[in-house]
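Biologist: I would like to learn how to read pockets, cavities and a ligand site. Can you take me through a case?

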Amino acid sequence: MGYFKEINLNNYRNFENFFLEFRGGCNVILGQNGSGKTNVLESLSLLEKGRGFRKEKIENLINFNNKNKDFKIFSLFNNQNINYNISAFSLNRNKKKIAVNDNSDLNSIKHFESLFSIIYFLPEMERLFISSPSFRRNFLDRLIFNFNKEYNIIVNKYKKAITERQLLLKDQKYDENWIQNIENNIAEYGSTIYKNREEHINVLNKTLKTINSSKHFSKDFILKIQDNFYESNKQIDENKNIYVSQLYLNRKKDFFQGGCSIGPHRSDIIGLNELNNFNLNQLSTGQQKTVVLLIILAQSEYLINELNLHPIILLDEICSHLDDSNRELLLYLTNQLKAQVFMTGTEKNFFSFLSTKAHYCNIT
Ligand SMILES: Nc1ncnc2c1ncn2[C@@H]1O[C@H](COP(=O)(O)OP(=O)(O)OP(=O)(O)O)[C@@H](O)[C@H]1O
Ligand SMILES: [Mg+2]
């Protein structure tokens with residue numbers, strides 16, 4: 001099982017130069033409000049492709065007191081007794097780079113990426129089912145990215161094609177071949193996104209059923225994609241003509257309304273109670289937190305058992321208003337999974353339910 005052994009933060013966020021050691025199992029980061037706990041978790045998320053879990057601009061990652069110097073995050077990652085030196089750093093204060101054993105070439109990075117995958121829970125995710133559809137879409141897309149590192153590229157290409165079409169329609173005197181080409185691309189990427197989301201929703205629903213844990217928390221809910229266009233054309237990944245001709249027919253409407261009226265950017269992901277079909281957004285806040293934790297658990301089990309990919313699980317402020325069953329769920333997540341887990345909190349006694357093996361790091 002791969003795990004991060006240590007982290008060294010240089011000119012990053014509120015840290016000038018900061019070092020922490022971790023263990024393979026459960027790590028609890030303790031500190032007062034504003035001490036930098038979330039920043040430490042974020043630094044781990046930056047060791048993956050992308051802008052980290054806050055999707056932050058580079059300039060905000062650099063310590064405000066020393067804006068002219070780049071930030072650097074160094075870490076040691078251990079996988080089957082092999083150590084990898086990993087670093088994430090800004091270049092000329094505007095681009096983030098990753099290097100593995102001082103090497104930035106694509107193959108070393110791809111190899112490193114294949115050793116682990118980062119799953120995170122942030123406080124705002126408690127509100128998953130009452131947030132916006134785009135929040136839920138991003139949540140699901142992020143889970144797909146965990147094991148399909150090319151997926152984000154497709155999503156970005158899709159978004160770009162949608163914007164391009166919108167600009168052309170606005171222009172009115174567009175070249176027919178050009179717009180056709182863009183609409184073909186939209187259908188291509190759009191159906192790939194639909195297909196990936198559908199497949200992963202099925203995986204999660206299936207895995208949720210098999211979670212081997214106490215009966216204290218109910219698992220009788222299912223996740224579902226809500227999308228009128230997709231629901232009536234589930235075969236669009238095989239027959240893209242339907243998709244393309246629908247885009248063609250919608251041109252006028254899309255010109256007047258702006259945007260694109262069909263496609264995965266309009267889907268919602270909903271959770272339904274299986275017994276009475278009520279929407280999970282009707283659950284209490286604590287119950288919704290359970291559901292999100294269960295999804296994270298199902299995702300982790302899928303990565304470990306089916307893909308042999310070890311997750312690094314970042315749980316920020318997870319211990320606020322936890323009841324016994326949520327605590328039990330967390331205990332299961334930290335004890336039973338072959339995964340390195342990080343949790344943050346302001347006081348050690350919030351974590352007294354954890355096993356004595358948990359490693360505590362105090363950052364104040
Ligand atoms: N680029 C930066 N340079 C310097 N300080 C920064 C930068 N970005 C954020 N900070 C500061 O880092 C501090 C720690 O932030 P962080 O969110 O990690 O705290 P925390 O320990 O998670 O607090 P809480 O318990 O309230 O969640 C904040 O005071 C924030 O203003
Ligand atoms: Mg925080």
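Biologist: How many residues line the largest pocket, and which of them lie nearest its centre?

Modeller: Keep in mind that this is a predicted model. The lining of the largest pocket has 33 residues. Nearest the centre are K55, N138, R142, N152 and K159. The volume of this pocket is about 930 Å³.

Biologist: Which elements each supply at least two residues of that lining?

Modeller: Four names come up: β7, α4, α5 (151-171) and α6. Helix α4 provides the largest share, 8 residues.

Biologist: How do the residues of the lining of the largest pocket divide by class?

Modeller: The split is 13 nonpolar, 8 polar and 12 charged.

Biologist: From which domains does the lining of the largest pocket draw at least three residues?

Modeller: Two qualify. Domain 1 (1-114 + 309-364) and domain 2 (124-308) each give at least three residues to the lining of the largest pocket.

Biologist: How much space lies in the second largest pocket?

Modeller: About 380 Å³. This second largest pocket is lined by 15 residues, and K49, G50, K96, K97 and I98 are the closest to its centre. Two elements, β6 (95-100) and α3 (106-113), give two or more residues each to that lining. By class, the lining of the second largest pocket has 4 nonpolar, 3 polar and 8 charged residues.

Biologist: Now the closed spaces. What sets a cavity apart from a pocket?

Modeller: Access to the outside. In a cavity a 1.4 Å probe fits but cannot get out, while a pocket is an open set of points. Here the count is 3 cavities of 30 Å³ or more.

Biologist: What volume does the largest cavity have, and which residues line it?

Modeller: Its volume is about 80 Å³. The lining of the largest cavity consists of L128, F129, R136, F139, L140, L143, I201, L204, L223, I269 and I295. Helices α4 (133-145) and α6 (176-210) are the elements that give two or more residues to it. The largest share, 4 residues, comes from α4.

Biologist: How many nonpolar, polar and charged residues are in that lining?

Modeller: The lining of the largest cavity has 10 nonpolar residues, no polar ones and 1 charged.

Biologist: And which residues line the second largest cavity?

Modeller: I118, I119, Y120, M125, F139, R142, L143, N146 and I296 do. About 50 Å³ of space lies inside. Strand β7 (116-121) and helix α4 each supply at least two residues of the lining of the second largest cavity. That lining divides into 7 nonpolar, 1 polar and 1 charged. Look for repeated names across the lists. F139 lines the largest cavity and also the second largest cavity. R142 lines the second largest cavity and is among the residues nearest the centre of the largest pocket.

Biologist: Last, the ligand. How many residues surround ligand 1, and which are the closest?

Modeller: Start with the shell. Ligand 1 is surrounded by 16 residues, with G34, K37, T38, N60 and I62 the closest. Helix α1 (residues 37-45) gives the most to this shell, 3 residues. The class split of the shell is 2 nonpolar, 10 polar and 4 charged.

Biologist: Which residue has a polar side-chain atom 2.7 Å from an oxygen atom of ligand 1?

Modeller: T38 does. A polar side-chain atom of E317 also faces an oxygen atom of ligand 1, at 3.1 Å. With R13, a polar backbone atom is 3.1 Å from a nitrogen atom of ligand 1.

Biologist: How much of the area that ligand 1 exposes alone does the protein bury?

Modeller: Ligand 1 exposes 660 Å² when taken alone, and the protein buries 73% of that.

Conventions:
Residues are numbered from 1 along each chain as its sequence is written. Chains are lettered from A and ligands numbered from 1 in the order in which they are written. This is a predicted model: local features need pLDDT of at least 70, side-chain atom pairs count only at pLDDT 80 or more; totals for chains, interfaces and linings use all residues. Side-chain values use heavy atoms; hydrogens and water are left out. A residue is near a molecule or strand if one of its heavy atoms lies within 4 Å of it. A polar contact is a pair of N or O atoms within 3.5 Å; within protein, one must be able to donate a hydrogen and the other to accept it, and residues adjacent in sequence count only if both atoms are side-chain atoms. Accessible areas come from the Shrake-Rupley method with a 1.4 Å probe; for residues, only the protein chains shown count as cover. Ala, Val, Leu, Ile, Met, Phe, Trp, Tyr, Cys and Pro count as nonpolar, Asp, Glu, Lys and Arg as charged, and the others, Gly among them, as polar. On a 1 Å grid over the protein atoms alone, a cavity is a set of points where a 1.4 Å probe fits but cannot get out, and a pocket is an open set with protein on both sides within 12 Å along at least five of seven lines; lining residues have an atom within 4 Å of a point. Grid points are joined across faces, edges and corners, and a volume is the space filled by probe spheres set on the points. Domain bounds come from an automatic or database domain assignment.
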